[in-house]
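Please find below my notes on this model, set out as numbered points. They take up a polar side chain, the nonpolar cores and the aromatic pairs in turn.

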Amino acid sequence: MSVTKTEAVEQEAPKNVRVVLLALMIAMLLAMLDNMIIGTAMPTIVGELGGLAHLSWVVTAYTLATAASTPIWGKVGDMYGRKGSFLTSIVIFLIGSALSGMAQDMGQLIAFRAVQGLGAGGLMVGVMAIIGDLIPPRERGRYQGMMAGVMALAMIGGPLVGGTITDHMGWRWSFYINLPLGAVALAMVSAVLHLPKKRSQGKIDYWGAALLTVAITSTVLVTTWGGTEYAWGSAQVIGLIATGIVATAAFLLVERRAAEPVLPLHIFRSRNFTLMSVIGFLTGFAMFGGVLYLPLFQQSVQGASATNSGLLLLPMLLSMMAVSLIAGRITTQSGRYKAFPIAGGALMVAGLFLLAQMDTGTSRLVSGIYMALLGAGLGFLMQITMLVAQNSVEMKDMGVASSSATLFRTLGGSFGVALMGSLFTTRVQDTMTERLGSAGAGATGGSAQLDAASLAKLPDAVREAYQHAVAAGTHSAFLLGASVAVLGFVAAWFVKEVPLRGAGPQSEAQAPQEAGAVKAAEPAGA
């Protein structure tokens, strides 16, 4: 009789895991889709609310709040329970979305976007940590394609959805659209997800959380303002760098003495976890830089339409999704994974190096092939880094492991955009000066990035010079990306292939426990 019950539970579990995963993917989509949608609505927002000078803060406030809250959400989930912290993050995100939609001026919008960002920080960490709780690492590979698909959907669909909503319903619905999706995720997680309740006796590490927030905020502001709002050598940027260094040093001292550190330093004693943090940082550096400058090259140099920048990235995104799916399946079947970070690092270096060779004569087919190579490299790395990081820590540290991996990738993206952007801008201005003389840098209105409408208004000679300048700028940016990616390739060789938890046939003792975590809520009185 006991065998029959076990078999029944085993059959029920996968169905309910899929229901939970659907809710998690909706939450993940919310976090990824938001900035993509808002980007296309920005001109309309400025037209109604004004405050053009503070426009960048609409994105910066969200990014800052997300990055700063990420490690804290991970720790809260470890201490007080994953389900409660995840549901709270969804509620905060939805409150921020509703308030942003009701904003009456730019100051309100920036403040409410910060609230939204606080919730978004818990969405991504919650999704990854709950998957880490529910699905053994070896089985987790089969769901990698689903997560890569959500990312591709957000990047491709975000600008298109944002433009459609803004044109037909008004910019406020760019925020309100989150409410029904979030409500569905909230209801599904509440009804179906059942995880053991936790109640830590330790106190929250407030000092550690505050110092980490200051360190992350300083770092993100340096990468956001450096070379754009302020010169790299300005007092503001130097002051932020100094603040970040002091806050980081103080944070490390506090964490060594804290009873419940917000970021336990002992997890970095694992060689694999530390390597995955480094590789995740470098992957974020390459990916976000590619996402930013590939559409710019295609629009400015190759004459592609700017209607939907996400579609321009299709070769990279499809390749990333397909490779992630294949790598996940192989990992699940074989339990082996070391080859994937190595292959991913090699393909990422090759893809970025080839992208650096593009010039004004490069066809869309050739650039598409180069993008697919980069996408394949990212596909091998994106989910494997999270998988190995989670497998390298104890279950009690699953939240901080997930949040740390997410944070390092986010910070890598911030540095990638800042450093590649600074190099790109300098190279564009230098090339314009070389081709058009001392007035060349000012021929485009002082901007290194022009949209299609602005480009069309330029005289032929200036437009041709600008196209060569963009090609030179992307060459320098992607060459930097390739150089950084070499470090990730080297780091991948030092990964130790530790057996994944959950490998092999599932025992009868494991099955009821895992199924019980995701059992469907039964109707009252059943």
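1. A polar atom of the Ser 69 side chain lies 2.8 Å from the backbone oxygen of Ala 65, within the limit for a polar contact, which is a pair of N or O atoms within 3.5 Å, where within protein one must be able to donate a hydrogen and the other to accept it, and where residues adjacent in sequence count only if both atoms are side-chain atoms. Ser 69 belongs to helix α2 (residues 56–80), helices being DSSP runs of H or I with at least four residues, numbered from the N terminus.

2. This is a predicted model, in which local features need pLDDT of at least 70 and side-chain atom pairs count only at pLDDT 80 or more, whereas totals for chains, interfaces and linings use all residues. Residues are numbered from 1 along each chain as its sequence is written, and side-chain values use heavy atoms, with hydrogens and water left out.

3. With a relative accessible area of 7%, Ser 69 is buried (buried means under 20% relative accessible area, exposed over 50% and partly exposed in between, with a 1.4 Å probe and protein chains only). Apart from neighbours within four places in sequence, Ser 69 is in contact (heavy atoms within 4.5 Å) with Gly 117, Leu 118 and Gly 121.

4. The largest nonpolar core, a core being a set of buried Ala, Val, Leu, Ile, Met, Phe, Trp, Tyr and Cys residues joined through side-chain atoms within 4.5 Å, has 126 residues, and those with the most contacts inside it are Leu 24, Met 28, Phe 86, Met 316 and Phe 478. Helix α1 (residues 2–49) gives the most to this core, with 15 residues.

5. Once neighbours within four places in sequence are set aside, the contacts of Met 28 are Met 124, Val 127, Met 128, Met 147 and Val 150. A second, separate core of 13 residues has among its members Val 46, Ala 103, Ile 110 and Phe 175.

6. There are 6 aromatic pairs, where rings of Phe, Tyr and Trp (its six-membered ring) pair if their centres lie within 6.5 Å, and planes under 30 degrees apart count as stacked, over 60 as edge-to-face and the rest as tilted. One of them joins Phe 268 and Phe 408 edge-to-face, at 6.2 Å centre to centre and 85° between the planes. Because Phe 268 lies in the loop between α10 (235–257) and α11 (271–300) and Phe 408 in helix α16 (residues 398–436), this pair ties together parts that are 140 residues apart in sequence.

7. Phe 268 is partly exposed at 26% relative accessibility, and Phe 408 is partly exposed at 24%. Together with Phe 273, these two residues, Phe 268 and Phe 408, form one aromatic cluster.

Terms used
Helix = DSSP H or I, 4+ residues; strand = E, 2+ residues; numbered from the N terminus.
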